Amino acid sequence: MEQASWVPSSVDLDRPSAARMYDYFLGGSHNFAVDREAAKSVEQIFPGMSGAARANRSFLRRAVRYLLSQGIDQFLDLGSGIPTVGNVHEIAQQTNPGARVVYADVEPVAVAHSTALLANNPLASAIQADLRDPDSVLGNEEVRSVLDFDRPIGLLMVAVLHFVPDSDVPQEAIARYREVLAPGSHVAISHASWDGVSQEGRESGEQVNAIYRRTDSPLVLRTGAEIAAFFTGLEVVEPGVVPLSEWRPDSDDAYISAYAGVGRKA
């Protein structure tokens, strides 16, 4: 397959990407035939996947607005994905034009498009980095030039930790980020879960997992208790770690099997 000029040379067009599949589910255009084929296979098994993607996007919007109301004016979005309508900088800078944002993602297409999108925005930037390696993110010169770690930061991990297996010890990565955040910082997380899924649904879920194993980001669904444990060391704000559609809802998002929460560093 011929590589388009805007596609980074490192991109394998014969292998689907979870980030580009998510872009497809959201109605974006930064995806390839291999991604669309895999995404359509997922939709055949689980027709609600596009709705789930939109529900996560809705939580991102609500969480950013909540953090803005708490005086947060700088954000680090880990596993940010491919830019589409409703990016963090758009939400934040609409309320506070001085808000600063750094996007970090391991997917080269996501970073390439984010960089192009932010070319004329001096208060927002994007880097290619793996959230499982906190020091590579926290030590990045671009991150340090945009964000002031002596002041509160909104750390966002929306719909990304369910792509991090237990073998990569995500709890340790989160603890490292939490360690360097200033008091008053907040951490927002959403995560897919097996809770409440019927046996039939679990069997369908295993078929979906098989598709994601073709990508570099296989799915790891966790229980509500396991997801709540990611907030260890933080003060969880109301209404707690709850089903995603129940976290400070402002619309009629459909229920999906996922949890969401926001924690504050004292």
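A cavity here is a set of points, on a 1 Å grid over the protein atoms alone, where a 1.4 Å probe fits but cannot get out. Grid points are joined across faces, edges and corners, and a volume is the space filled by probe spheres set on the points. By this rule there are two cavities of 30 Å³ or more.

Before we set off: this is a predicted model, in which local features need pLDDT of at least 70 and side-chain atom pairs count only at pLDDT 80 or more, while totals for chains, interfaces and linings use all residues. Residues are numbered from 1 along each chain as its sequence is written, and side-chain values use heavy atoms, with hydrogens and water left out.

**Stop 1: the cavities**

Select Arg-57, Asp-77, Tyr-103 and Leu-117, which are among the residues lining the largest cavity (lining residues have an atom within 4 Å of a point). Its volume is about 60 Å³. Now add Ala-19, Tyr-22, Asp-23 and Leu-26, which are among the residues that line the second largest cavity, with a volume of about 40 Å³. Helix 1 gives the most to this second lining, with three residues (helices are DSSP runs of H or I, at least four residues, and strands runs of E, at least two, numbered from the N terminus).

**Stop 2: helix 1**

Stay with helix 1 and colour residues 18–25. Six of these eight residues are buried (under 20% relative accessible area, 1.4 Å probe, protein chains only), so the helix is largely enclosed by the rest of the structure. The buried ones are Ala-18, Ala-19, Arg-20, Met-21, Asp-23 and Phe-25. What do they pack against? Show helix 2 (33–45), helix 3 (49–69), helix 5 (108–117) and helix 9 (199–212). At the start of helix 1, look for a side-chain oxygen of Ser-17 within 3.2 Å of the backbone nitrogen of Ala-19. After the helix comes Gly-27, with a positive phi near 90°.

**Stop 3: the nonpolar cores**

Next, select Phe-59, Val-64, Phe-75, Val-88, Leu-156, Trp-247 and Val-262. Of the 32 residues in the largest nonpolar core (buried Ala, Val, Leu, Ile, Met, Phe, Trp, Tyr and Cys joined through side-chain atoms within 4.5 Å), these touch the most other members. Helix 3 supplies the largest share of this core, nine residues. Centre on Val-88: leaving aside residues up to four places away in sequence, Val-88 touches Leu-60, Val-64, Phe-75, Asp-77, Val-101, Tyr-103 and Leu-156 (heavy atoms within 4.5 Å). Apart from the largest core lies another, of 28 residues, including Leu-131, Val-160, Tyr-177 and Leu-181.

Note on methods: Buried means under 20% relative accessible area, exposed over 50%, partly exposed in between (1.4 Å probe, protein chains only). A polar contact is a pair of N or O atoms within 3.5 Å; within protein, one must be able to donate a hydrogen and the other to accept it, and residues adjacent in sequence count only if both atoms are side-chain atoms. On a 1 Å grid over the protein atoms alone, a cavity is a set of points where a 1.4 Å probe fits but cannot get out, and a pocket is an open set with protein on both sides within 12 Å along at least five of seven lines; lining residues have an atom within 4 Å of a point.
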